[in-house]
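Biologist: Please give me a close look at the largest pocket. Then carry on through the core, the helices and the loops.

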Amino acid sequence: MEDLARRVREKAREKGAVILAHNYQRPEVQDVADFVGDSLELSIKAMETEAKTIVFAGVDFMVEQAAILNPGKTILTPEPSSICPMAWQLDPPIVGEYRKKHPNTPLVVYVNSFAEVKSMADYVVTSSSASKLVSKLDAEKILFGPDRNLASYVAETTGKEVVAVPLNSYCPVHIGITKEKVLSVKERIPDAKVLVHPECPVETRKIADFVGSTSQIIKAAGEINAKRFIIGTENGVVHRINKLYPGKEAYPVSEDTICPNMKKITLEKVYRSLVSNEVVVKVDEKIAEKARAVLERSFELLGVEVPWRRK
Ligand code: SF4
């Protein structure tokens, strides 16, 4: 494994490529990456590098997102069958249907969606920016999708009416992080703080000490004055916390809180992708342009500097 990791790094250097790994990737893939983080954060990091080739160890919509934000660069996926089943639950016809049913209602989409869906939305948010952006909107009713759990979290934290688009969309991994499972780990480690993702069911969120995106969970584990943590999100985050904070201990809610699609990407596949320059992911330029405009509007409303306007 060490030898393969060294070959991956050598190949990336030789090609002038940057390797991005999402927080849910296998530990050995995270360990060879130039950057590890949330999906949007990673695409922005890629914009800031000189690299002309980006290998994105993440699921389909994340690789597309990198293509939207990095026109002119070669975006590679090491495993094209690594998909996000939640993103697939919101397609353009569903957007059209809800737009028609709820006219004059702003549509906010989660970054976990495809380029075409983003291009049809009013705003795009991450799990960390969703509540902040919705609270700034001059509207009491919002369409939000995909993910009914994040939609209900946004409703709770903003006091607005949030209609989930579609009504029953969810992440198959986070939906399995139940209150009962968390409580059973808590029984074994009573002093542990519970940190969970807003894609978890509302009953789980209610018993948590902290609710936030993967990056916010990682940050919180470093800042909260406690030694042990129960991590209510994909288990890749457990690895990151244990690696970043040697004096602390992170525990999964269950050994099977695994996104199987994320885990399809192996070190071997990252190496093959670098060697073969495959598989290239492209987004239609007109769609990418519209999606970038929606992202730009979202950054502006959030009061965040638009990354591609930075000098
Ligand atoms: S953990 Fe859920 S939302 Fe994230 S990539 Fe896997 S299926 Fe999609």
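Modeller: First, the residue classes. Ala, Val, Leu, Ile, Met, Phe, Trp, Tyr, Cys and Pro count as nonpolar; Asp, Glu, Lys and Arg count as charged; the others, Gly among them, are polar. By that split, the lining of the largest pocket holds 24 nonpolar, 14 polar and eight charged residues.

Some ground rules. The model is predicted, so local features need pLDDT of at least 70 and side-chain atom pairs pLDDT 80 or more, while totals for chains, interfaces and linings use all residues. Numbering runs from 1 along each chain as its sequence is written, and side-chain values use heavy atoms, without hydrogens or water.

Now the pocket itself. Its volume is about 740 Å³, taken as the space filled by probe spheres set on grid points joined across faces, edges and corners. A pocket here is an open set of points on a 1 Å grid over the protein atoms alone, where a 1.4 Å probe fits, with protein on both sides within 12 Å along at least five of seven lines; a lining residue has an atom within 4 Å of a point. The largest pocket has 46 lining residues. Nearest its centre are Asp-38, Ser-39, Leu-40, Glu-41 and Thr-126. Two or more lining residues come from each of α3 (39-48), α4 (60-69), β6 (123-125), α11 (214-223) and α14 (285-302). Helices (H or I, at least four residues) and strands (E, at least two) are DSSP runs, numbered from the N terminus. The top contributor to the lining is α3, with six residues.

Next, the packing. A nonpolar core is a set of buried Ala, Val, Leu, Ile, Met, Phe, Trp, Tyr and Cys residues joined through side-chain atoms within 4.5 Å. Buried means under 20% relative accessible area, exposed over 50%, partly exposed in between (1.4 Å probe, protein chains only). The largest core has 90 residues. Val-108, Phe-144, Ile-231 and Ile-241 have the most contacts inside it. Helix α4, already listed for the pocket lining, gives this core its largest share, seven residues. Contact means heavy atoms within 4.5 Å. Beyond its neighbours within four places in sequence, Ile-241 is in contact with Ile-217, Ile-218, Ala-221, Ile-231 and Ala-250. A second core lies apart from the largest one; it has 18 residues, among them Ala-5, Ala-21, Val-55 and Tyr-271.

Tyr-271 leads to α13 (267-276). Its buried residues are Leu-267, Lys-269, Val-270, Tyr-271, Ser-273 and Leu-274. They pack against α1 (2-15), β1 (17-22), α2 (27-32), β3 (53-57) and β4 (74-76). Just after α13 comes Asn-277, with a positive phi of about 60° although it is not a glycine. Asn-277 sits in the loop between α13 and α14 and is partly exposed, at 32% relative accessible area. That loop also holds Val-279. A cis peptide bond joins Glu-278 to Val-279, with omega about 0°.

Helix α8 (residues 148-158) buries Asn-149, Leu-150, Ala-151, Tyr-153, Val-154 and Thr-158. These pack against β5 (107-110), α7 (130-136), β7 (141-145), β8 (161-164), α10 and β10. Just past α8, Gly-159 has a positive phi of about 75°. In the loop between β7 and α8 lies Pro-146. The Gly-145 to Pro-146 peptide bond is cis, with omega near -10°.

Three loop residues remain. Asp-209 lies between α10 (202-206) and β10 (210-211). It counts as partly exposed because its relative accessible area is 45%. Leaving out neighbours within four places, Asp-209 is in contact with Ala-192, Lys-193 and Val-194. A polar atom of the Asp-209 side chain lies 2.7 Å from the backbone nitrogen of Val-194.

Glu-234 sits between β11 (228-232) and α12 (236-244). It counts as buried because its relative accessibility is 0%. Its side chain makes a polar contact (a donor-acceptor pair of N or O atoms within 3.5 Å; sequence-adjacent residues count only if both atoms are side-chain atoms) with the side chain of Lys-263, at 2.8 Å. Other residues that Glu-234 touches include Tyr-24, His-174 and Cys-259.

Ser-254 lies between β12 (249-252) and α13. At 15% relative accessibility, Ser-254 is buried. Setting aside neighbours within four places, Ser-254 is in contact with Lys-181 and Asn-235.
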